[in-house]
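Hi,

Here is the structure I promised to pass on. Please have a look, and below it you will find my notes on what turned up.

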Amino acid sequence: MGYQVDRRVYEPAEDSRLLCATLEKAVVRFPELRGCVLELGTGSGIVALMLASLGATVTATDLNPHAVALARSNAREQDLTIEFLQGDLFEPVGDRRFDAIVCNPPYLPPGGDYDDRWLALAVEGGPSGIEFTQRLLVDAPRNLHPKGGVWLVFSSLAGRLPAGWERERFDTQDFEDENLCVERLSHPTINI
Ligand SMILES: C[S@@+](CC[C@H](N)C(=O)[O-])C[C@H]1O[C@@H](n2cnc3c(N)ncnc32)[C@H](O)[C@@H]1O
């Protein structure tokens, strides 16, 4: 698939591709990935477009308005129908529930030298890197169907996750000083 890029929007990288490859394989075992799927932090839209092309009904959000505009335009180019919304994490979808929630989060601790605040937002996940993901997991049960899964990219450079989630690890990728992996998290006590 071809994508337009924008210097104010996260350009698809190894983590984006690892997540896409994992989801493409996992859809056989997890039909939730062809159901109603919410992607948080869509960036260029690469993950949302891939899920839509697998047959999912996709809603994708981003706090960065340039990302929402770019992803919308990339979806239009490929004739894919996706709902794009701008806002902070789950705020744009209210209390709607989804079969799966997918996110390649910002996960690095601060310290990078970014000349654009939107790029820093795309990469830095809070003081120890994991705070964005922790916030996502605290709020996720309200927006997830009881048997649904949260599909996340994790970096070994980020901190620890909140307790209470069952975790299954999928693909991993090693770099010189970092390990990336994709996990599916499910919550045993989600109530309607
Ligand atoms: C690592 S990028 C991933 C982009 C794309 N999904 C990919 O895999 O290439 C993280 C994205 O999260 C977005 N983001 C950061 N904080 C956010 C927030 N509080 N609410 C929604 N999106 C946020 C960033 O703007 C960025 O587009």
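Leaving aside residues up to four places away in sequence, Ile-130 touches Tyr-107, Gly-125, Ala-158, Gly-159, Arg-160 and Leu-161. Bear in mind as you look at these contacts that the model is predicted. Ile-130 itself sits in the loop between α4 and α5 (131-139). Is Ile-130 buried or exposed? It counts as buried, because it has 22 C-beta neighbours inside 10 Å and 20 are enough for that label. For a sense of distance, Leu-63 lies 67 residues from Ile-130 in sequence, and the two C-alpha atoms are 18 Å apart in space.

Next, the helix I spent most time on, α2. Of its 9 residues, 7 are buried, so that the helix is mostly covered. The buried ones are Ile-46, Val-47, Ala-48, Leu-49, Met-50, Leu-51 and Ala-52. Which elements cover them? The cover includes α1, β1 (36-40), β2, α3 (65-77) and β4 (98-103). Just after α2 comes Gly-55, with a positive phi near 110°.

The packing of α1 against α2 deserves a closer look. Their axes are 10 Å apart and meet at an angle of about 15°. That makes the two helices, α1 and α2, roughly parallel, because angles under 35 degrees count as such. The crossing of α1 and α2 is right-handed. On the α1 side, the contact is made by Ser-16, Leu-19, Cys-20, Leu-23 and Glu-24, while α2 contributes Ile-46, Val-47, Met-50, Leu-51 and Leu-54. Sorted by class, this contact has 8 nonpolar residues, 1 polar and 1 charged. As a reminder, an α-helix has 3.6 residues a turn, so residues three or four places apart point the same way. You can keep that in mind when you look at the spacing of the contact residues.

Finally, the ligand. How many residues surround it? There are 22, and the closest are Ser-16, Gly-41, Gly-43, Asn-104 and Ala-122. Ser-16 is thus listed both here and in the contact of α1 with α2. Four elements, α1 (14-26), α2 (46-54), β2 (57-62) and α4 (117-123), each supply at least two residues of the shell around the ligand. By class, the shell divides into 12 nonpolar, 8 polar and 2 charged residues.

Happy to go through any of this with you.

Best wishes

Definitions and conventions. Residues are numbered from 1 along each chain as its sequence is written. This is a predicted model: local features need pLDDT of at least 70, side-chain atom pairs count only at pLDDT 80 or more; totals for chains, interfaces and linings use all residues. A residue is near a molecule or strand if its C-beta atom, placed from the backbone, lies within 6 Å of it. Ala, Val, Leu, Ile, Met, Phe, Trp, Tyr, Cys and Pro count as nonpolar, Asp, Glu, Lys and Arg as charged, and the others, Gly among them, as polar. Axes are lines fitted to C-alpha atoms, for helices over the stretch in contact, and angles run from 0 to 180 degrees between N-to-C directions. Angles under 35 degrees count as roughly parallel, over 145 as roughly antiparallel, 65 to 115 as roughly perpendicular and the rest as oblique. A crossing is left-handed if the near helix is turned anticlockwise from the far one by less than a right angle, and right-handed if clockwise. Two residues are in contact if their C-beta atoms, placed from the backbone, lie within 7 Å. A residue is buried if 20 or more other C-beta atoms lie within 10 Å of its own, exposed if 12 or fewer, and partly exposed in between; C-beta atoms are placed from the backbone.
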